[in-house]
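Visitor: I am new to this structure. Please take one part of it and look at that part closely.

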Amino acid sequence: METVLVVGSTGNIGTAAVKGALNAGYKVLAIVRNSTSANKLFQNAGKEGITTVEADIMSDNGIQSVVEQVTAGKLPAFQHVYSTVGGLYEETALKNVTAKQMRDAMNQNFTPNLYAYIATIPYLLEQNNPSSTWTLCTGAQGDYGFRAVPAMTAGSLFSMAVSACRELHETNIRFNEVYLAFRVEIDSSAEKSASMKASDFAKNYQAILGNTSVRGCRVRVTNHEEVTKLNYAPKLDL
Ligand SMILES: NC(=O)c1ccc[n+]([C@@H]2O[C@H](COP(=O)([O-])OP(=O)(O)OC[C@H]3O[C@@H](n4cnc5c(N)ncnc54)[C@H](OP(=O)(O)O)[C@@H]3O)[C@@H](O)[C@H]2O)c1
């Protein structure tokens, strides 16, 4: 049975990715900040099929240390990655943004996703499993610009996805960007806020895992129908 490494596993989208992977018959290796975060994930996704590992995803060797434990046989091997660290969604007007705010936002919303890529891609290339996938969640805020800081960090993720599509073209790794344009929350919060439930958004990852023609693409999820009826197009003309 194949395993998905989920980075940002305890958040709204991470919980959806964990549930989607489990529903599709995969096991999950979930990186968590600490035991409190692990318990949050277990409450929202159950325990069955999930192995957790604590790591500091904000440091440049945190996710690398997880891969080293996998390589040493101390943690399950993985063939797929879903990266969705972020969550900083502040409203400061662009003209008032400070350098520190922007650095902090990049540190939370962008850099750990890049660390996840840098740490896991050499491992997945080395394994050379023909069905490997790597999925990055971004947000339409990067095009809307209502919230300047998260818009700019989303823009960086768009560019990371473009570079990844180019770099992984014709490798064993099927890279895709999930471009999400509405709010998804863990089920208990979604019930109060009328957002989509993580357990419903889980079907999106399930659909991506199951459709090998989605490769090097932006998967646009701009309405509820597109969660399962995938709307995808290549990010680059390669
Ligand atoms: N939710 C949506 O509707 C939506 C829509 C469009 C795009 N997105 C994008 O999806 C990504 C995730 O959003 P989300 O709503 O799932 O965010 P979230 O619920 O806040 O989850 C963020 C994840 O990152 C982790 N994290 C954040 N700061 C951390 C830190 N300093 N150290 C360790 N872990 C840290 C959190 O861990 P803890 O649980 O331990 O805090 C959690 O696993 C973002 O890039 C966002 O822009 C989300």
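Guide: What follows is a look at one helix, with a short view of the whole protein before it. This is a predicted model, in which local features need pLDDT of at least 70 and side-chain atom pairs count only at pLDDT 80 or more, while totals for chains, interfaces and linings use all residues. Residues are numbered from 1 along each chain as its sequence is written.

The protein has eight helices and 10 strands; these are DSSP runs, helices being H or I with at least four residues and strands E with at least two, numbered from the N terminus. Of its 238 residues, 45% are buried, where buried means that 20 or more other C-beta atoms, placed from the backbone, lie within 10 Å of the residue's own.

The part chosen is helix 6, residues 148–168. Its 21 residues should span 30 Å at 1.5 Å a residue, and because the end C-alpha atoms are 30 Å apart, the two values agree. The expected span is 1.5 Å times one less than the number of residues.

Which residues of helix 6 are buried? They are Ala-148, Val-149, Pro-150, Thr-153, Ala-154, Leu-157, Ala-161, Ala-164, Cys-165 and Leu-168. These buried residues pack against helix 4, strand 5, helix 5 (141–144) and strand 6 (174–180); a contact is a pair of residues whose C-beta atoms, placed from the backbone, lie within 7 Å. After helix 6 comes Glu-170, which has a positive phi, near 65 degrees.

Two of these packing partners, helix 4 (99–127) and strand 5 (133–139), are also among the elements that give two or more residues to the shell around the ligand.

How values were computed:
A residue is buried if 20 or more other C-beta atoms lie within 10 Å of its own, exposed if 12 or fewer, and partly exposed in between; C-beta atoms are placed from the backbone. Two residues are in contact if their C-beta atoms, placed from the backbone, lie within 7 Å.
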